[in-house]
Amino acid sequence: MATGGAGSSSIAIQVNVLLDTDLLPLLERKRTPTKLAAWIAEQNDVVVSVISLAELEFGLQQAPVAHRPALANWLAETRRRFAPGTEELTESIMVRWKELLADLKKRKRTMTCEDSLIAATVLFRGHSLATHNKRHFEPAGVDLIDPLA
């Protein structure tokens, strides 16, 4: 993330790894995959997108009623855990998203709305994206990491 206020002559760029939505539920399991647990333990700067949190909230609302309390507790803990590193959608990210959509259209490629918003966040912020769904993000040209590979 960029730092420096108005009139600042230096900008520090910090490259983080943004976790895709598909990895977050794996962290909820009692038996998180060994590769993922080891990879997460090695990371210093992991962030999530508000898009992923919204996807998880929607999933919680669609879950069987009996599972909702446990899922709600897990999601609340996930929000707390990543609160300092939650990437919000900003006007600049939305402009980058529109640029990405235009580029995809020109190349006759598509992405889901959620994935394209996550990709735009990654592109705008200069993050890498950790996902097990690499093919979903390849059209965007983002730097991809599969911690389960």
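In this predicted model, helices H3 and H4 pack at an angle of about 170°, and their axes lie 9 Å apart. An angle over 145 degrees counts as roughly antiparallel, and the two helices are therefore roughly antiparallel to each other. The H3 side of this pairing is formed by Leu53, Leu56, Glu57, Leu60, Gln61 and Gln62, which meet Arg68, Leu71, Ala72, Trp74, Leu75, Thr78 and Arg79 in H4.

Helix H3 has a second helical partner in H6. Here the packing angle is about 155°, with the axes again given as 9 Å apart. H3 and H6 are therefore roughly antiparallel to each other as well. The residues that meet are Ile51, Ser52 and Glu55 from H3 and Glu114, Leu117 and Ile118 from H6.

With these two partners in view, H3 itself deserves a closer look. The helix covers residues 50-62, and at 1.5 Å a residue its 13 residues should span 18 Å; the C-alpha atoms at its ends are 18 Å apart, so the expected span and the model agree. Five of its residues, Ile51, Ser52, Leu53, Leu56 and Leu60, are buried. An α-helix has 3.6 residues a turn, so residues three or four places apart point the same way. The cover over the buried residues of H3 is drawn from several elements, including strand S1 (17-19), helix H1 (24-28), strand S2 (46-49), helix H4 (68-82), strand S3 and helix H6 (113-125). Leu53, Leu56 and Leu60 appear both among the buried residues of H3 and among the residues that meet H4, while Ile51 and Ser52, also buried, take part in the meeting with H6.

The N-terminal end of H3 is capped by serine 49, which places a side-chain oxygen 2.9 Å from the backbone nitrogen of isoleucine 51. Serine 49 belongs to strand S2. With a relative accessible area of 1%, serine 49 is buried, since the cut-off for that class is under 20%. Beyond its neighbours within four places in sequence, serine 49 is in contact with Leu18, Glu87 and Ile118. Ile118 is also one of the H6 residues that H3 meets.

Threonine 86 offers a related view from strand S3, which spans residues 86-87. Its contacts, leaving aside neighbours within four places in sequence, are Val48, Val50 and Leu53. Leu53 is one of the buried residues of H3. The side chain of threonine 86 also reaches the backbone oxygen of phenylalanine 82, at 2.8 Å.

These elements sit within a protein of seven helices and five strands. Along the sequence, they follow the pattern β-α-α-β-α-α-β-α-α-β-α-β. Of the contacts with a separation of 6 or more, 61% are between residues 24 or more positions apart. Buried residues make up 38% of the 149 residues. The accessible surface comes to about 8,900 Å², and carbon and sulfur atoms account for 54% of that surface.

Elsewhere in the model, leucine 36 lies in helix H2, residues 34-42. A relative accessible area of 0% means that leucine 36 is buried. Not counting neighbours within four places in sequence, leucine 36 is in contact with Leu23, Leu26, Leu27, Pro147 and Leu148. Leucine 36 and leucine 23 are 13 residues apart in sequence, and their C-alpha atoms are 8.4 Å apart in space.

Leucine 23 also links this part of the model to histidine 132, a residue that it contacts. Histidine 132 lies in the loop between strand S4 (128-130) and helix H7 (134-137), and its relative accessibility of 43% makes it partly exposed. Although histidine 132 and leucine 23 are 109 residues apart along the chain, their C-alpha atoms are separated by 7.1 Å. Besides Leu23, histidine 132 touches Asp22, Asp146 and Leu148, with residues up to four places away in sequence left out. A polar contact of 2.9 Å joins the side chains of histidine 132 and aspartate 146. Leu148, in turn, is one of the contacts of leucine 36.

A final local feature is found at lysine 108, in the loop between helix H5 (91-106) and H6. Most residues other than glycine have a negative phi. Lysine 108, by contrast, has a positive phi, near 55°. At 75% relative accessibility, lysine 108 counts as exposed.

How values were computed. Residues numbered from 1 in each chain as written. Predicted model: local features only at pLDDT ≥ 70, side-chain atom pairs only at ≥ 80, totals over all residues. Heavy atoms only, no water. Helix = DSSP H or I, 4+ residues; strand = E, 2+ residues; numbered from the N terminus. Buried < 20%, exposed > 50% of the residue type's maximum accessible area, 1.4 Å probe, protein only. Contact = heavy atoms within 4.5 Å. Areas by Shrake-Rupley, 256 points an atom, 1.4 Å probe, with all protein chains shown as cover. Polar contact = N/O pair within 3.5 Å; in protein donor to acceptor, adjacent residues only side chain to side chain. Expected span 1.5 Å × (residues − 1). Axes fitted to C-alpha atoms, helices over the stretch in contact; angles between N-to-C directions. Parallel < 35°, antiparallel > 145°, perpendicular 65-115°, else oblique.
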